[in-house]
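Colleague: Please take a close look at the empty space in this model, both open and enclosed. I should like to know how it relates to the surrounding elements of the fold.

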Amino acid sequence: MTAPTRRAALAAMLCAPAWVRAQAQAPARPRLITLGGALTELVYALGAQDQLVGTDTTSLYPAAALKTPKVGYFRQLSAEGILSLRPDAVVGTDDIGPAAVVEQLRGAGVRVELVKVDHTWGEVQRKLQAVGSASGREAQARALQAELDAQWRAVQAEVAAYRGPRPRVLFILAHGPSPRVAGAATAADAMITFSGAVNAMQGFDGYRALTAEGLAQAAPDVILTTTQGLEEQGGADKFWQRPELALAPAYKTRALVALDALELIGFGPRLPQAVRTLHRRMVLRAPA
């Protein structure tokens with residue numbers, strides 16, 4: 001570009017409206033890929049969805065997230081698929097993998113933010129901070145955090161005010177042909193505790209296969225599951241036809257509570273809402 005041409009371009013820019021000049025001078029927002037449904041949900045909550053260039057297969061909420069390019073399951077990632085979307089930043093949890101893929105992304109110059117998973121309110125806060133930082137929306141993240149913290153304090157106070165008996169709750173992960181039950185150190189165990197109930201499965205961490213002997217020993221008052229798992233089992237009537245369930249006190253009253261998987265165990269911005277729902281439906285036994 002010649003000097004006269006440059007001067008003409010500068011003069012035209014200076015004569016343009018202020019909003020045009022600001023738009024031209026503002027740096028481009030980072031291109032994001034989120035690996036985890038809760039992280040994707042937070043992107044939408046911050047109004048940063050236009051920056052999303054890809055998500056993982058657990059990113060199913062809100063409905064618009066279904067239309068985003070998918071890079072696979074967050075524990076079975078491919079560096080090539082992610083890099084093909086040219087992200088500036090990738091935000092995930094510390095259980096994404098394989099680990100070699102994370103190193104490949106960093107080696108390619110992609111900013112990778114990993115959030116520690118520990119099934120606490122702090123996990124939600126860290127996710128929000130990471131998304132706010134990666135998207136360049138720190139101020140919006142702080143404002144949303146203040147709202148969510150207030151919601152969390154309110155639901156904690158509601159649960160703490162309850163002085164009645166604490167029901168024994170069994171979480172069944174019924175995705176697939178072999179249902180499993182949740183022990184300690186799981187998102188489901190944390191949610192049961194947050195709601196003011198007791199996890200009926202004790203003595204082990206993680207998940208185990210559902211057995212008649214284990215269920216009889218657990219003696220749950222309420223069965224908790226996901227709406228997706230319930231649908232895979234053919235609905236509530238089909239679910240209760242599993243013979244081992246007849247051994248549970250919950251069978252007599254058909255005490256079954258189901259929530260969307262991401263809302264229930266995703267540890268995202270709807271966590272306070274999910275805990276309140278569980279408290280009212282499992283502990284207070286209020287109708288849905």
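Modeller: The following account begins with the chain as a whole, turns to the spaces, and ends with a neighbouring part of the fold.

The model is predicted, not determined by experiment. The protein chain has 288 residues, and 45% of them are buried. Its secondary structure comprises 14 helices and 10 strands, and its C-alpha trace extends over about 85 × 40 × 30 Å along the principal axes. Of the contacts with a separation of 6 or more, 58% join residues that are 24 or more positions apart.

One sheet provides a useful frame for the request. It is an open sheet of four parallel strands, arranged in the order β2-β1-β3-β4. Strands β2 (52-55) and β4 (111-115) form the edges, each with a partner on one side only. Neighbouring strands are turned by 15° against each other on average, direction ignored. Within the sheet, β1 (residues 32-35) is joined to β3 (residues 89-93) by four bridges in the parallel sense, and Leu35 has Gly92 of β3 as its bridge partner. Two helices are placed against these strands. Helix α3 (residues 37-45) lies across β1, β2 and β3 and runs at about 140° to β1. Helix α5 (residues 99-107) packs on the sheet through β3 and β4, with its direction at about 140° to that of β4.

The empty space itself can now be considered. Rolling a probe the size of a water molecule over the atoms shows where such space is left. The largest pocket has a volume of about 970 Å³. Its lining consists of 33 residues, and those closest to the centre are Thr58, Tyr73, Phe74, Ile265 and Gly266. Three elements give two or more residues each to this lining: α3, α6 (121-135) and α13 (261-265). Helix α3 thus has two roles in this description, since the helix that lies across β1, β2 and β3 also contributes to the wall of the largest pocket. By residue class, the lining divides into 16 nonpolar, 11 polar and six charged residues.

The enclosed space amounts to one cavity of 30 Å³ or more, found in a search of the whole structure. The volume of the largest cavity is about 30 Å³. The residues around the largest cavity are Glu41, Leu262, Glu263, Gly268, Pro269, Arg270 and Leu271. Glu41 falls within the range of α3, while Leu262 and Glu263 fall within that of α13. Three of the lining residues are nonpolar, one is polar and three are charged. Helices α3 and α13 therefore border the largest pocket and also supply residues to the wall of the largest cavity.

The second largest pocket holds about 210 Å³. It is lined by 13 residues, and Met201, Phe204, Arg208, Gly214 and Gln217 are the closest to its centre. Strand β8 (207-209) and helix α9 (212-218) each contribute at least two lining residues. The largest share comes from α9, with three residues. In this lining there are seven nonpolar, four polar and two charged residues.

A further pair of strands lies along the sequence between α9 and α13. Strand β9 (residues 222-226) pairs with β10 in the parallel sense over four bridges, and Thr226 stands opposite Leu259 of β10. In a regular strand, side chains alternate between the two faces of the sheet. Strand β10 (residues 256-259) is covered on both faces: Leu256 and Ala258 on one side, and Val257 and Leu259 on the other, are all buried.

Helix α10 (residues 227-232), which includes Leu230, reaches this strand. Leu230 counts as buried because its relative accessibility is 15%, under the limit of 20%. Beyond its sequence neighbours within four places, Leu230 contacts Leu256 and Ala258, together with Thr225, Gly235, Ala236 and Phe239. The two residues of β10 among these contacts, Leu256 and Ala258, belong to one side of the strand. The C-alpha atoms of Leu230 and Asp260 are 10.0 Å apart, although 30 residues separate them along the chain.

Gln233 follows in the loop between α10 and α11 (236-239). With a relative accessible area of 18%, Gln233 is also buried. Residues up to four places away in sequence left aside, Gln233 touches Ala174, Gly176, Lys238, Phe239 and Arg242. Phe239 is therefore a contact shared by Leu230 and Gln233.

Methods. Residues numbered from 1 in each chain as written. Predicted model: local features only at pLDDT ≥ 70, side-chain atom pairs only at ≥ 80, totals over all residues. Heavy atoms only, no water. Pairing = 2+ DSSP bridges. Axes fitted to C-alpha atoms, helices over the stretch in contact; angles between N-to-C directions. Contact = heavy atoms within 4.5 Å. 1 Å grid on protein atoms, 1.4 Å probe; cavity = no way out; pocket = protein on both sides within 12 Å on 5 of 7 lines; lining within 4 Å. Points joined across faces, edges and corners; volume = space filled by probe spheres on them. Nonpolar A, V, L, I, M, F, W, Y, C, P; charged D, E, K, R; others polar. Buried < 20%, exposed > 50% of the residue type's maximum accessible area, 1.4 Å probe, protein only.
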